[in-house]
Amino acid sequence: MIVAANFKTHQTRKGTFHYLAVLEDFLLHEEIHQQAIVFPPATALEHHDGHVLVGTQNAYPAQNGAFTGEIGLEQLEEFDIHTILIGHSERRHLLGETQESIASKFAFFKEQHFNIVYCIGEPLDVREAGEDALMAYLQTQLEGIDLNYERLTVAYEPVWAIGTGVTPSLEAIERTHVALKGLINTPLLYGGSVKRDNAEEIMALNAVDGILVGSGALDVDDFCAMLKTAQHLEEGE
Ligand code: PGA
């Protein structure tokens, strides 16, 4: 399974290094073989040796250039960062990224052979409009994305479940994941208010290959507990 943490605009550089050190130590001593991914803020990106994949929450699709406030490939390569989160709902809805700009970002980082965690998810009004509307909406978020890219992981994160403490029912998560698996052939993560307490029941669902966790992963002990849960599930315990 894949267990990913998105720090968003939380954590410092110092705090991130401590988090990663605790996490690596845990994975080693508990013999956890699940894939852990951590997306710290850009200021905390650093070369990282170990089992954990460290990725960037965003980057501009250029080597370098006049893109004020952005980081490009040059800044990522300095720290051997080859993993990126693309299409997160906060970037789509708060920062105005369009599907077109997201697709060109995807194409650029695919060309650079990055591991891409690509997020999709519907707002509440779409969910309330029913299953057909939901799937039609999610498909628009897959437009221009090469779903056969071998380093692609998709994360399904309903916008209304992110940071709200509310999740779809387990049946609804499973139904959406099964439907998405009819469209994509990649690992599929669920995200949106996953916590230490509900991680097990979510990861146990069909067609769920892991989780993408925001606030519930800010405490490293909680994140470690979710990795342990993933390991137990995979071992069938
Ligand atoms: P949350 O965020 O776990 O805080 O709901 C998830 C995400 O945005 O990836």
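Biologist: Why are helix α6 and helix α7 called oblique to each other in this predicted model?

Modeller: Helix α6, residues 131-140, and helix α7, residues 170-181, pack at an angle of about 50°, with their axes 11 Å apart. Angles under 35 degrees count as roughly parallel and those from 65 to 115 as roughly perpendicular, whereas the rest, apart from those over 145, count as oblique. The angle of about 50° therefore makes α6 and α7 oblique to each other, and their crossing is right-handed.

Biologist: What makes the contact between α6 and α7, residue by residue?

Modeller: On the side of α6 the contact is made by Glu131, Leu134, Met135 and Leu138, and on the side of α7 by Arg175, Thr176, Ala179 and Leu180. These residues of the contact divide into 5 nonpolar, 1 polar and 2 charged.

Biologist: Why are α1 and α9, by contrast in topic, called roughly parallel to each other?

Modeller: The axes of helix α1, residues 13-29, and helix α9, residues 220-234, cross at roughly 30° and come within 10 Å. Since angles under 35 degrees count as roughly parallel, the crossing at roughly 30° therefore places α1 and α9 roughly parallel to each other. The crossing in which α1 passes α9 is right-handed.

Biologist: Which residues of α1 and α9 meet, and how do they divide into nonpolar, polar and charged?

Modeller: From α1 come Tyr19, Val22, Leu23, Phe26 and Leu27, which meet Val220, Phe223, Cys224, Leu227 and Lys228 in α9. The residues of this contact divide into 9 nonpolar, no polar and 1 charged, and Lys counts as charged, as in Lys228 of α9.

Biologist: Which residues surrounding the ligand are the closest?

Modeller: The ligand is surrounded by 13 residues, of which the closest are Lys8, His88, Glu157, Gly163 and Ser193.

Biologist: How do you know that Lys8 makes a polar contact with the ligand?

Modeller: A polar side-chain atom of Lys8 lies 2.8 Å from an oxygen atom of the ligand, and a pair of N or O atoms within 3.5 Å is a polar contact. By that cut-off Glu157 also qualifies, with a polar side-chain atom 2.7 Å from an oxygen atom of the ligand, and so does Ser215, whose polar backbone atom is 3.0 Å from a ligand oxygen atom.

Methods. Residues are numbered from 1 along each chain as its sequence is written. This is a predicted model: local features need pLDDT of at least 70, side-chain atom pairs count only at pLDDT 80 or more; totals for chains, interfaces and linings use all residues. Side-chain values use heavy atoms; hydrogens and water are left out. Axes are lines fitted to C-alpha atoms, for helices over the stretch in contact, and angles run from 0 to 180 degrees between N-to-C directions. Helices (H or I, at least four residues) and strands (E, at least two) are DSSP runs, numbered from the N terminus. A crossing is left-handed if the near helix is turned anticlockwise from the far one by less than a right angle, and right-handed if clockwise. Contact means heavy atoms within 4.5 Å. A residue is near a molecule or strand if one of its heavy atoms lies within 4 Å of it. A polar contact is a pair of N or O atoms within 3.5 Å; within protein, one must be able to donate a hydrogen and the other to accept it, and residues adjacent in sequence count only if both atoms are side-chain atoms.
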